[in-house]
2 protein chains.
Amino acid sequence: MICSSAGNHAQGVALAAGVYKIKAVVVMASNATPSKVQATRDYGAEVVLHGNIWDEANEKAKQLMQERGLTYIHPFDDLQLIAGQGTLGLEVYEDFPQIDVAVVPIGGGGLISGVSMALKASNPKIKIIGVESSDGPAMKRSVEAGHVVTLDKIDTIIDGLRVKRVGEHTFSVVQRFVDDIVTLPDKDIFEAMLWIMSRCKLVVEGAAAAPVAALLHGLIKASAGSRVVAVLSGGNVNLDQLKGLKWN
Amino acid sequence: MICSSAGNHAQGVALAAGVYKIKAVVVMASNATPSKVQATRDYGAEVVLHGNIWDEANEKAKQLMQERGLTYIHPFDDLQLIAGQGTLGLEVYEDFPQIDVAVVPIGGGGLISGVSMALKASNPKIKIIGVESSDGPAMKRSVEAGHVVTLDKIDTIIDGLRVKRVGEHTFSVVQRFVDDIVTLPDKDIFEAMLWIMSRCKLVVEGAAAAPVAALLHGLIKASAGSRVVAVLSGGNVNLDQLKGLKWN
């Protein structure tokens, strides 16, 4: 099988392929986070690096699919994948049925599609808020336009949020089940990563820090006492830059 | 009340004093981790910075105790404190009674004293291994000498491991209930911090990374299939140096 991915879908496909002893090819952008590339290879997949953004890697994946006769698994605009990601919403509801608001990052929109449908099906009163980088708000622009739009340019460097064009399925789900989309710049999201490290002792990647960043910046409208869940969607960051640091 | 501390006991005392509405004075070394100093102040304690190492801060604390008529709480050589830290061992055993080996960092020896007594009382077959920095192995030297020794010099910069002279009580417990003490340099311990960030997605401080570092370096003798617990004793690190980093 073959997929394109910013990096976390890559690892999921590589791991699943290994479990089922299927050959997997993963196409990632040349500037993908090195730790994600390495982890994908360690799970046993062949990694092809192409282009500077997921959209370009995806074109390459479709080409290789044709050439090699592989089965293609889209990283976000796939109904079975969305259903799988919905299990996160079901688990949240099982653990914390008092939830009033869920804040979820949006890249291509797969995660928030699954989570929003699962939570709204469990309790329609739960508010779902999406978060994008203002340096590349592909879903927000699409919702505002009323149809899927392709961004002319994209400045966010956060790989999990860096998509020029969201999916048709995900757009349709978000339009229907997501109550609001808020945005803030990469800079504020990176600061929230440090806040999460300091207060929660957790390492999360930029996309995962975006919901917390939105909360810290007061972008989420919720009444006092609201029970809010932030989805921390991944923890694969470039730690090479921390080598040799003294921590005390 | 008053205490001296490298930083985590400081926060515990400050928090407890706040709960019971007691005034707390905490003496820390001038080079204490800034985040620990700030957190201790945020919990409501008066922080006095003195000396370059816990041992010097502790002399100051004893002096202030006399001058101001305060109650002194030792950061490791206190039987009630050790009993409190033993609850960590009880919790480990409750959650994971199959445990074969526990690996615990040693600074002044309070944590490992409580944990070793609790685990040995639960199952005497459990092996307890202590870990110190080879840049300041105050407990290992004492056990080898058969009595508490004061190190002439200490090079470790890891605050939770940086003690020139361990306690009399803790020495006596470690001598009796700890099966082995292994050491490795700060450098290897800092590398293990990054490994823990990468694989466990957790932020831990140097002292907490020491047991994992010892495991990664093959210093813990245990037969294949052994069930090993590493105690991650804290997560207060200097994150200021990460400000402004780009993570993708």
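# A tour of the predicted model, chains A and B

Start by selecting Lys23(A), Glu46(A) and Arg68(A): salt bridges link these three residues into a network. The model is predicted, and every stop below refers to its coordinates.

**Salt bridges**

Move to chain B and select Glu46(B) and Lys23(B), whose side chains form a salt bridge with an N to O distance of 3.1 Å. This pair ties together distant parts of the chain: Glu46(B) belongs to strand S3 (residues 46-49) of chain B, Lys23(B) to the loop between helix H1 (8-19) and strand S2 (25-28) of chain B, and 23 residues separate them. Glu46(B) is partly exposed, at 28% relative accessibility, whereas Lys23(B) is exposed, at 55%.

Next select Asp188(B) and Lys187(B), which meet through their side chains in a salt bridge of 3.3 Å, N to O. Is each partner buried or exposed? Asp188(B) is buried because its relative accessibility is 12%, under the 20% cut-off. Lys187(B) is exposed, with a relative accessible area of 53%.

Return to chain A for Lys153(A) and Asp155(A), a side-chain salt bridge of 2.5 Å, N to O. Here Lys153(A) is exposed at 57% relative accessibility, and Asp155(A) is partly exposed at 45%. Over all chains, a search of the whole structure finds 22 salt bridges.

**A nonpolar patch on chain A**

Show the surface and colour Leu15(A), Val19(A), Tyr20(A), Ile22(A) and Tyr43(A). These residues make up a nonpolar surface patch with a combined accessible area of about 540 Å². Pick out Ile22(A) within the patch: this residue sits in the loop between helix H1 (8-19) and strand S2 (25-28) of chain A. Ile22(A) is partly exposed, with a relative accessible area of 43%.

**Leu88(A)**

Select Leu88(A), in helix H4 (residues 79-95) of chain A. Its relative accessibility is 30%, so Leu88(A) counts as partly exposed. Which residues does Leu88(A) contact, leaving aside its neighbours within four places in sequence? They are Leu111(A), Val115(A) and Val231(A). Now add Ser233(A): it is 145 residues from Leu88(A) in sequence, but the C-alpha to C-alpha distance is 9.9 Å.

**The sheet of chain A**

Switch to a cartoon view of chain A. Four strands form an open sheet in the order S7-S6-S5-S8 (chain A), and the pairing is parallel. S7 and S8 of chain A are the edge strands, each of them paired on one side only. From one strand to the next, the twist averages 25 degrees.

Zoom in on S6(A) and S7(A), which pair in the parallel sense over five bridges. Within this pairing, Gly130(A) stands opposite Ile181(A) in S7(A). Then bring in helix H6 (residues 138-145) of chain A, which lies across S6 and S7 of chain A and runs at about 135 degrees to S7(A).

**Helix H9 of chain A**

Select helix H9 (residues 206-216) of chain A. Nine of its 11 residues are buried, so the helix is largely enclosed by the rest of the structure. The buried residues of H9(A) include Gly206(A), Pro211(A) and Val212(A). What covers them? Among the elements over the buried residues of H9(A) are strand S5 (101-105), strand S6 (127-133), strand S7 (180-184), helix H8 (186-200) and strand S8 (228-230) of chain A. Step past the helix to Gly218(A), which follows H9(A) and has a positive phi, near 70 degrees.

**The sheet of chain B**

Finish with the cartoon of chain B. Its open sheet has four strands in the order S7-S6-S5-S8 (chain B), with parallel pairing. The edges are strand S7 (180-184) and strand S8 (228-230) of chain B, and each pairs on one side only. Direction ignored, neighbouring strands of this sheet are turned by 25 degrees against each other on average.

Highlight strand S6 (residues 127-133) of chain B, which pairs with S7(B) in the parallel sense over five bridges. Glu132(B) is found opposite Thr183(B) in S7(B). Then select strand S5 (residues 101-105) of chain B, which is joined to S6(B) by parallel pairing over five bridges. Pro105(B) has Val131(B) in S6(B) as its bridge partner. Six of the seven residues of S6(B) are buried, so this strand is largely enclosed by the rest of the structure.

Note on methods
Residues are numbered from 1 along each chain as its sequence is written. Chains are lettered from A and ligands numbered from 1 in the order in which they are written. This is a predicted model: local features need pLDDT of at least 70, side-chain atom pairs count only at pLDDT 80 or more; totals for chains, interfaces and linings use all residues. Side-chain values use heavy atoms; hydrogens and water are left out. Patches are made of residues with over 30% relative accessible area and no salt bridge: like charges are joined within 9 Å, nonpolar side chains (Val, Leu, Ile, Met, Phe, Trp, Tyr) within 5 Å. Accessible areas come from the Shrake-Rupley method with a 1.4 Å probe; for residues, only the protein chains shown count as cover. A salt bridge is a side-chain nitrogen of Lys or Arg within 4 Å of a carboxyl oxygen of Asp or Glu. Helices (H or I, at least four residues) and strands (E, at least two) are DSSP runs, numbered from the N terminus. Buried means under 20% relative accessible area, exposed over 50%, partly exposed in between (1.4 Å probe, protein chains only). Two strands pair if DSSP finds at least two bridges between them. Axes are lines fitted to C-alpha atoms, for helices over the stretch in contact, and angles run from 0 to 180 degrees between N-to-C directions. Contact means heavy atoms within 4.5 Å.
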